[in-house]
Amino acid sequence: MQGFGRFEPDARGRLCYLPAVPSFPRLDEVWSPLERAMTEVGAFDRALAAFPVPDVAGKLFARLDAVHSSGAEGATTTFTDLLEYQSARNRAKDPEDAREVAATAEAFDELSERGDSVTYGAAACLIHRRLFERAKDPMVAATAGKLKLYPNGTYDPEAPGATFFYTAPASTAQALADWEAFTAEADARPEWVRQALSHWWFEHIHPVPDGNGRVGRLLVPLALRRKGALRHACAFLGEAVHMNKTLYVDALKDARRTGEFSAWTRVFCSMAAQSAAANLERLQKLGQVHARWQAATKAVRAHSVIHRLLPWIITKPAFTVRDALAQAGGAVTFQAMNTAIKRLIDLGIVTRGDDGGRDRLFSASEVIRLFEPTDDA
Ligand SMILES: Nc1ncnc2c1ncn2[C@@H]1O[C@H](COP(=O)(O)OP(=O)(O)O)[C@@H](O)[C@H]1O
Ligand SMILES: [Mg+2]
């Protein structure tokens, strides 16, 4: 079969893949999933803009995406675990695993805030740095934020030596520069298709030693927002990839073998649409929770701490008193905060965790439940 791109030997004769510029598929071949992605993600994007609490995209949905995108690569930290890890308790059953998931979410926040000032290649390295800079293994920590120094590969029975090697380290910087130019370019062709091809390209360069899947998937929502295809960085892939990793990897591989990008583009668009449809449903239910809370606290006096606490709890549904005090920025005493939280418990909005002490966890389980898998999904 005529492959796409070419193989070049590294210093030790290992054949490493050098992708060619992926070609845009014909529009009629990808139209239906492309239209679905634009519709479903567009609807989620608009619903985020209209949502009464700001920042839910980054604070909740990017966190969920980090859980799924990492879960697709073997992480076991759940959304609930992540919330507890990111609270002042900073605890998790697997702290190293939770740290990587948290780092993915934090890199997303950081890049969202920095907007257009970071190039795509620098953004990839920044995410990689955040992912691995605090790794326990000093050898791994030393690679954080840097391009790979050694060839990385994956099992492939068709390849010589049964290993498919991604781009050779010596060619990676140039390959990444070409990829960046392609990703940043804009023309009359659909941006969604461009970013589907860009993601394929990034994964085939595999520029960093590890984390290429998580880094590459995080770049997709950021790029689509930066390119103006969406108002929010909300085109997440993690959940759909987590649910069907084989489909995703097979489609990536197949485009390389055939040089034909319509099937990959269709899979990419379908996965974005699937994640967005699930997220829109969550957001709608979150809106109902918020409305119920507002109704339940209608009688509470207007300047009570509670009214400022509620929107914060929507985006931080597991917290300690210390977290709540920190967000109030010193404007509320420990005593007043305790009283407010107690009132929320009485109203059935918040529940108190079992283990006592100053860092006891309070949870809004109505919110958390929306972000955990259910049996009736
Ligand atoms: N055969 C393949 N060809 C191209 N890309 C692949 C292949 N297999 C896996 N991938 C990509 O590589 C990612 C895994 O790379 P890795 O560096 O381990 O990242 P992570 O640590 O985030 O999993 C997958 O999520 C996928 O995007
Ligand atoms: Mg990995």
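How far is an oxygen atom of ligand 1 from an N or O atom in the side chain of Y248? In this predicted model, local features need pLDDT of at least 70, side-chain atom pairs count only at pLDDT 80 or more, and totals for chains, interfaces and linings use all residues. Side-chain values use heavy atoms, without hydrogens and water, residues are numbered from 1 along each chain as its sequence is written, and chains are lettered from A and ligands numbered from 1 in the order in which they are written.

The Y248 separation is 2.7 Å, and the side chain of E73 offers an N or O atom at 2.6 Å from an oxygen atom of ligand 1. A polar backbone atom of G213 lies 2.9 Å from a ligand oxygen; such polar contacts are pairs of N or O atoms within 3.5 Å. On its own, ligand 1 has 560 Å² of accessible area, of which the protein covers 89% (Shrake-Rupley method, 1.4 Å probe).

The shell around ligand 1 holds 17 residues, with E73, D210, N212, R214 and Y248 coming nearest (a residue is near if one of its heavy atoms lies within 4 Å). By class, the shell residues are four nonpolar, six polar and seven charged, where Asp, Glu, Lys and Arg count as charged, Ala, Val, Leu, Ile, Met, Phe, Trp, Tyr, Cys and Pro as nonpolar, and the others, Gly among them, as polar. Helix α11 gives the largest share, five residues (helices are DSSP runs of H or I with at least four residues, strands runs of E with at least two).

Definitions and conventions: Polar contact = N/O pair within 3.5 Å; in protein donor to acceptor, adjacent residues only side chain to side chain.
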